Amino acid sequence: MNARREMGSMLEGQIAIVTGSGEGIGAGIATTLGEFGAKVAITDIDLSRAQRRVEILASQGIESMAVQHDVTDGESGKRLVQQVLSAYGRVDLLVNNAGISGRVPLEEMSDQVWDSMIGVNLTGVQRTSRAVVPVMKEQRGGNIVSISSVAGRSGKANMTHYCSTKFGVIGFSQSLALELASFDVRVNSVCPGIVRTQMWEVELGEISEAKGISIEEAWEMVLSGIPLHRSQLPEDIGAAVAFLASPLAKNITGQALNVDGGFELS
Ligand SMILES: NC(=O)c1ccc[n+]([C@@H]2O[C@H](COP(=O)([O-])OP(=O)(O)OC[C@H]3O[C@@H](n4cnc5c(N)ncnc54)[C@H](O)[C@@H]3O)[C@@H](O)[C@H]2O)c1
């Protein structure tokens with residue numbers, strides 16, 4: 001393999017599913033995968049978001065399809081896979097990206113908040129992977145990349161629920177990597193640091209209120225904790241996913257890759 005020649009079109013002909021990709025990091029991942037030649041199923045619980053993303057990608061010359069999909073619902077996952085197979089005939093890459101976040105001390109955390117976090121961020125990864133695995137086994141090849149977090153690497157106060165899911169995603173991926181290795185299906189995780197999506201806008205609002213500072217001052221405070229002193233862009237996470245899904249990473253499985261500007265080291 002000539003790595004330099006391979007890179008521009010390293011996902012040419014591949015069919016990818018990216019969950020929760022109407023907005024945020026998932027949208028960035030879908031864009032990057034498309035730029036490397038993949039066709040992408042944009043799935044989201046909010047169909048109109050997915051449809052808007054498909055229009056944006058089309059304007060960039062990227063072929064994609066919108067699918068309404070709730071990652072917590074196994075039947076919805078099966079329907080998703082059928083729709084993608086009908087349209088494109090195969091599934092080479094699943095990116096488990098859909099997720100929710102929040103901060104609340106344990107003793108104030110309702111069962112509903114805990115269950116919903118586990119449901120979307122962890123059970124959602126299991127449900128969607130389970131729907132895709134038979135197809136990849138049959139193809140004798142494929143990639144699953146799940147979006148964990150730096151919160152899957154070390155604990156964060158008031159995030160017992162979120163951290164439990166993100167540590168869980170890494171354990172799930174390591175186990176599945178071993179289960180599927182003989183089918184040449186690789187399973188990895190990516191751990192983003194701080195990406196200013198809607199998820200972080202909510203956090204910034206909370207920090208600014210708690211500290212009595214403006215949103216932009218709160219953002220500067222967050223950035224000052226990153227050794228490279230810059231946030232990560234959705235496309236940075238997309239680049240890591242594209243690499244892991246590409247032939248360049250053919251010997252990488254069961255790994256978790258931090259894309260965090262050094263945040264976890266500091
Ligand atoms: N933003 C960050 O700094 C950051 C850092 C580390 C990890 N992450 C992880 O990256 C992933 C994406 O986060 P984001 O910041 O883009 O979030 P976001 O809130 O901006 O976007 C999440 C998307 O997922 C969709 N979604 C929510 N619940 C769903 C469900 N049940 N089924 C299908 N789709 C659903 C939403 O409609 C939305 O389009 C999450 O797993 C998150 O935990 C984010």
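**Exercise 1. Backbone and exposure of His229**

Task: In this predicted model, determine where His229 is found and whether His229 counts as buried or exposed.

Solution.
1. His229 is found in the loop that links H8 to helix H9 (234-245).
2. The phi of His229 is positive, about 50 degrees, although the residue is not a glycine. As background, most residues other than glycine have a negative phi.
3. His229 has 10 C-beta neighbours inside 10 Å. The cut-off for an exposed residue is 12 or fewer, so His229 counts as exposed.

**Exercise 2. Arg140 and Lys137**

Task: Establish which element holds Lys137, which loop holds Arg140, and how each is classed by exposure.

Solution.
1. Lys137 belongs to helix H5 (residues 111-139).
2. Arg140 lies in the loop between H5 and strand S5 (142-147). Its phi is positive, about 55 degrees, and Arg140 is not a glycine.
3. Arg140 has 10 C-beta neighbours inside 10 Å and therefore counts as exposed.
4. For Lys137 there are 16 C-beta neighbours inside 10 Å, so Lys137 counts as partly exposed.
5. Leaving aside residues up to four places away in sequence, Lys137 touches Phe183 and Val185. Met65 is 72 residues from Lys137 in sequence, and their C-alpha atoms are 23 Å apart in space.

**Exercise 3. Geometry of H7 and H8**

Task: Derive how H7 and H8 are oriented to each other, and check the span of H7.

Solution.
1. Helix H7 (residues 198-211) packs on helix H8 (residues 215-223) at an angle of about 105 degrees, and the axes are 8 Å apart.
2. Angles of 65 to 115 degrees count as roughly perpendicular; H7 and H8 are therefore roughly perpendicular to each other.
3. H7 contributes Leu204, Gly205, Ile207, Ser208 and Lys211 to the contact, and H8 contributes Ile215, Ala218 and Trp219. By class, these comprise 5 nonpolar, 2 polar and 1 charged residues.
4. At 1.5 Å a residue, the 14 residues of H7 should span 20 Å, and the end C-alpha atoms are 20 Å apart, so the two values agree.
5. H7 is hardly covered, with 0 buried residues among its 14. Just after H7, Gly212 takes a positive phi of about 65 degrees.

**Exercise 4. The two domains**

Task: State how the protein is divided into domains and how many residues each gives to the contact.

Solution.
1. The division is into domain 1 (3-195 + 233-258) and domain 2 (196-231).
2. Over C-alpha atoms, the domain centres are separated by 25 Å.
3. The contact takes 8 residues from domain 1 and 9 residues from domain 2. On the side of domain 1, the residues divide into 3 nonpolar, 3 polar and 2 charged.

Conventions:
Residues are numbered from 1 along each chain as its sequence is written. This is a predicted model: local features need pLDDT of at least 70, side-chain atom pairs count only at pLDDT 80 or more; totals for chains, interfaces and linings use all residues. Helices (H or I, at least four residues) and strands (E, at least two) are DSSP runs, numbered from the N terminus. A residue is buried if 20 or more other C-beta atoms lie within 10 Å of its own, exposed if 12 or fewer, and partly exposed in between; C-beta atoms are placed from the backbone. Two residues are in contact if their C-beta atoms, placed from the backbone, lie within 7 Å. Axes are lines fitted to C-alpha atoms, for helices over the stretch in contact, and angles run from 0 to 180 degrees between N-to-C directions. Angles under 35 degrees count as roughly parallel, over 145 as roughly antiparallel, 65 to 115 as roughly perpendicular and the rest as oblique. Ala, Val, Leu, Ile, Met, Phe, Trp, Tyr, Cys and Pro count as nonpolar, Asp, Glu, Lys and Arg as charged, and the others, Gly among them, as polar. The expected span of a helix is 1.5 Å times one less than its number of residues. Domain bounds come from an automatic or database domain assignment.
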